[in-house]
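Please look through the sequence and the model below, keeping the ligand in view as the starting point. The paragraphs that follow begin at the ligand and then turn to the aromatic side chains.

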Amino acid sequence: MTTPVTVDEPTDADASALGAMHLRSWHETYDEAPGIGAAWVDEHIGFITSPPADAFRVRTFAAQRADPSRTYYRVARRGEVVVGFVHASLPSQDQDDDGDAKLEALYVLRSEHGTGLADRLMTSALAWADGRAVWLEASPLSVRAVPFYRRHGFEPTGETGVFRHRVLTVTLRRPADA
Ligand SMILES: CC(C)(COP(=O)(O)OP(=O)(O)OC[C@H]1O[C@@H](n2cnc3c(N)ncnc32)[C@H](O)[C@@H]1OP(=O)(O)O)[C@@H](O)C(=O)NCCC(=O)NCCS
């Protein structure tokens, strides 16, 4: 019998496993991408497994506990193994707040692609956003990402960027629910 996937609020003890899973997903996605490769991922993205990155995640979990209406973070596990996560936020109240939520990150391991787990994480984040518009940045080099987001109602805004001087990104936005 296949071990089911659970989706829960993370605890501080999940911080380093989430960093390792995030870096693994980067490798699975970009090691073969034109102009990127494994060495570039390790050099420029490897920091996400560092103690400061773990501390950042722990602060994010604390922010969620303090005000779950502004921070949303969920970890997906198959058995004991972290296989995905989603992180979304509202801008802090002292920022110029247009009311839009930002989908900060949504990653699932390759072994979970096409299983519906990413849909489950997205659906939960959209429920958290409670009808607000949501925006995100994604790379077309992650070939599944843009089709996935479009299926969930996101459309490219026309804005583009370059992450860490190398990874082309596009901005997508899902309008507020009518
Ligand atoms: C992006 C991600 C969350 C989507 O989850 P998933 O389980 O792969 O998504 P799905 O299988 O539901 O959908 C993938 C879409 O890509 C399409 N696709 C699959 N292979 C493709 C390819 N080679 N080229 C283009 N599109 C492709 C699928 O047909 C599907 O589109 P559809 O819904 O219109 O049929 C997941 O692939 C992932 O974590 N990727 C790595 C990390 C990442 O890029 N995250 C986003 C950061 S912004």
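In which pocket does the ligand sit? In this predicted model, the ligand occupies the largest pocket, where 18 residues surround it, the closest being V108, G114, S142, R144 and R151. Sorted by class, this shell consists of 10 nonpolar, 5 polar and 3 charged residues.

Several elements of secondary structure contribute to the surroundings of the ligand: the helix α1 (15-30), the strands β4 (101-108) and β5 (134-138), and the helix α5 (145-151) each supply at least two residues of the shell. Of the contributions to this shell, that of α5 is the greatest, with 5 residues.

At the level of single atoms, the backbone and a side chain of the protein both provide polar partners. A polar backbone atom of G114 lies 2.8 Å from an oxygen atom of the ligand, while a nitrogen atom of the ligand is 3.4 Å from a backbone N or O atom of V143. The side chain of R144 places an N or O atom 2.6 Å from an oxygen atom of the ligand. The ligand taken alone would expose 950 Å², and the protein buries 71% of that area.

Turning to the aromatic residues, the model holds 8 aromatic pairs when ring centres within 6.5 Å are counted. One of them joins W26 and F163 in a tilted arrangement, with 6.0 Å from centre to centre and 35° between the planes. Because W26 belongs to helix α1 and F163 to strand β6 (residues 155-163), this pair ties together parts that are 137 residues apart in sequence. Helix α1, which holds W26, is also among the elements that supply at least two residues of the shell around the ligand.

Terms used
Residues are numbered from 1 along each chain as its sequence is written. This is a predicted model: local features need pLDDT of at least 70, side-chain atom pairs count only at pLDDT 80 or more; totals for chains, interfaces and linings use all residues. Side-chain values use heavy atoms; hydrogens and water are left out. A residue is near a molecule or strand if one of its heavy atoms lies within 4 Å of it. A polar contact is a pair of N or O atoms within 3.5 Å; within protein, one must be able to donate a hydrogen and the other to accept it, and residues adjacent in sequence count only if both atoms are side-chain atoms. Accessible areas come from the Shrake-Rupley method with a 1.4 Å probe; for residues, only the protein chains shown count as cover. On a 1 Å grid over the protein atoms alone, a cavity is a set of points where a 1.4 Å probe fits but cannot get out, and a pocket is an open set with protein on both sides within 12 Å along at least five of seven lines; lining residues have an atom within 4 Å of a point. A molecule sits in a cavity or pocket if more than half of its atoms lie within 2 Å of its grid points. Helices (H or I, at least four residues) and strands (E, at least two) are DSSP runs, numbered from the N terminus. Ala, Val, Leu, Ile, Met, Phe, Trp, Tyr, Cys and Pro count as nonpolar, Asp, Glu, Lys and Arg as charged, and the others, Gly among them, as polar. Rings of Phe, Tyr and Trp (its six-membered ring) pair if their centres lie within 6.5 Å; planes under 30 degrees apart count as stacked, over 60 as edge-to-face and the rest as tilted.
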